Amino acid sequence: MATFADVKKKAKLPEKSVPLCLAGDLQAEFEELERQLQIERTRPDKPGATMAAGGRSPAETELAQRIEALRERMQADTTVFRLRALPKKKWSDMVAKHKPRPEDKENGLDYNGDTLPVALVAACCVDPQMSVPEVEELVDEVLSQGQWDELYSGAFFLNRRKVDVPFSASASAILSSIGAN
């Protein structure tokens with residue numbers, strides 16, 4: 001039979017990774033290249049008598065290579081924010097410290113919708129570690145609303161949802177195909 005000491009020794013707070021591509025300016029370039037590739041792929045009169053392997057025109061191949069190079073640049077400019085949940089008491093203390101304003105209560109929140117998110121991300125982000133002023137600068141000057149929503153939601157739900165043993169359909173399919181399951 002397990003003792004409390006055994007349980008405590010095993011317990012680790014949940015963690016989550018939130019990858020954010022910080023080279024958002026490259027998104028438009030990527031989309032334009034994708035658009036050009038789609039046009040090239042659907043042209044009935046592909047120029048050039050010579051087609052590459054697989055029936056691809058040289059223009060399709062060149063566009064695909066540019067897209068892949070751009071995707072790799074965007075991947076290299078992706079920062080992974082590592083978040084760790086707070087223990088329950090720290091979570092409840094944080095919520096109590098950031099009391100809701102009337103407009104927050106109208107929106108169904110039991111906390112201040114402006115101050116808690118910043119404080120929570122600062123408290124939960126273990127890599128890179130950031131202070132509240134640094135998170136405020138990140139929110140105000142660096143991230144888009146969508147990127148901020150992703151980061152804050154990661155921290156919020158990390159603290160508010162249970163942890164289940166995950167299942168990966170992709171990994172299971174790969175292992176089944178090689179007979180490792």
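This passage describes the nonpolar cores, a surface patch and several single residues of a predicted model.

The largest nonpolar core has 28 residues. Those with the most contacts inside this core are Phe 81, Leu 83, Leu 120, Val 121, Trp 148, Leu 151 and Tyr 152. Six elements each supply at least two of the core residues. Two are strands, S1 (15–21) and S2 (78–84). The others are helices: H4 (88–97), H6 (115–124), H7 (132–142) and H8 (145–160). Helix H6 gives the largest share, seven residues. A second core is separate and has eight residues. Among them are Leu 26, Leu 33, Leu 63 and Met 74.

Trp 148 shows how residues of the chain meet. Residues up to four places away in sequence are not counted here. Beyond them, Trp 148 touches Pro 117, Val 118 and Val 121. Trp 148 also touches Val 135, Val 139 and Leu 143.

Two residues of helix H2 were examined next. Helix H2 spans residues 26–42. Gln 36 lies in this helix, and so does Glu 40. Glu 40 has a relative accessibility of 9%. Buried means under 20%, so Glu 40 counts as buried. The side chain of Glu 40 makes a polar contact with the side chain of Ser 57, at 3.2 Å. Gln 36 has a relative accessible area of 28% and is therefore partly exposed. Gln 36 and Leu 70 are 34 residues apart along the chain. Their C-alpha atoms are separated by 14 Å.

Leu 109 sits in the loop between helix H5 (102–106) and helix H6. Its relative accessibility is 27%, so Leu 109 counts as partly exposed. Neighbours within four places in sequence are again left aside. Leu 109 is then in contact with Pro 100 and Asp 104. Lys 99 is 10 residues away from Leu 109 along the chain. The C-alpha atoms of Leu 109 and Lys 99 are separated by 9.6 Å.

The surface carries a nonpolar patch formed by Ile 174, Leu 175 and Ile 178. Together, these three residues have about 290 Å² of accessible area. Ile 178 is found in the segment after helix H9 (169–177). The relative accessibility of Ile 178 is 60%. Exposed means over 50%, which means that Ile 178 counts as exposed.

Key
Residues are numbered from 1 along each chain as its sequence is written. This is a predicted model: local features need pLDDT of at least 70, side-chain atom pairs count only at pLDDT 80 or more; totals for chains, interfaces and linings use all residues. Side-chain values use heavy atoms; hydrogens and water are left out. Patches are made of residues with over 30% relative accessible area and no salt bridge: like charges are joined within 9 Å, nonpolar side chains (Val, Leu, Ile, Met, Phe, Trp, Tyr) within 5 Å. Accessible areas come from the Shrake-Rupley method with a 1.4 Å probe; for residues, only the protein chains shown count as cover. A salt bridge is a side-chain nitrogen of Lys or Arg within 4 Å of a carboxyl oxygen of Asp or Glu. Helices (H or I, at least four residues) and strands (E, at least two) are DSSP runs, numbered from the N terminus. Buried means under 20% relative accessible area, exposed over 50%, partly exposed in between (1.4 Å probe, protein chains only). A nonpolar core is a set of buried Ala, Val, Leu, Ile, Met, Phe, Trp, Tyr and Cys residues joined through side-chain atoms within 4.5 Å. Contact means heavy atoms within 4.5 Å. A polar contact is a pair of N or O atoms within 3.5 Å; within protein, one must be able to donate a hydrogen and the other to accept it, and residues adjacent in sequence count only if both atoms are side-chain atoms.
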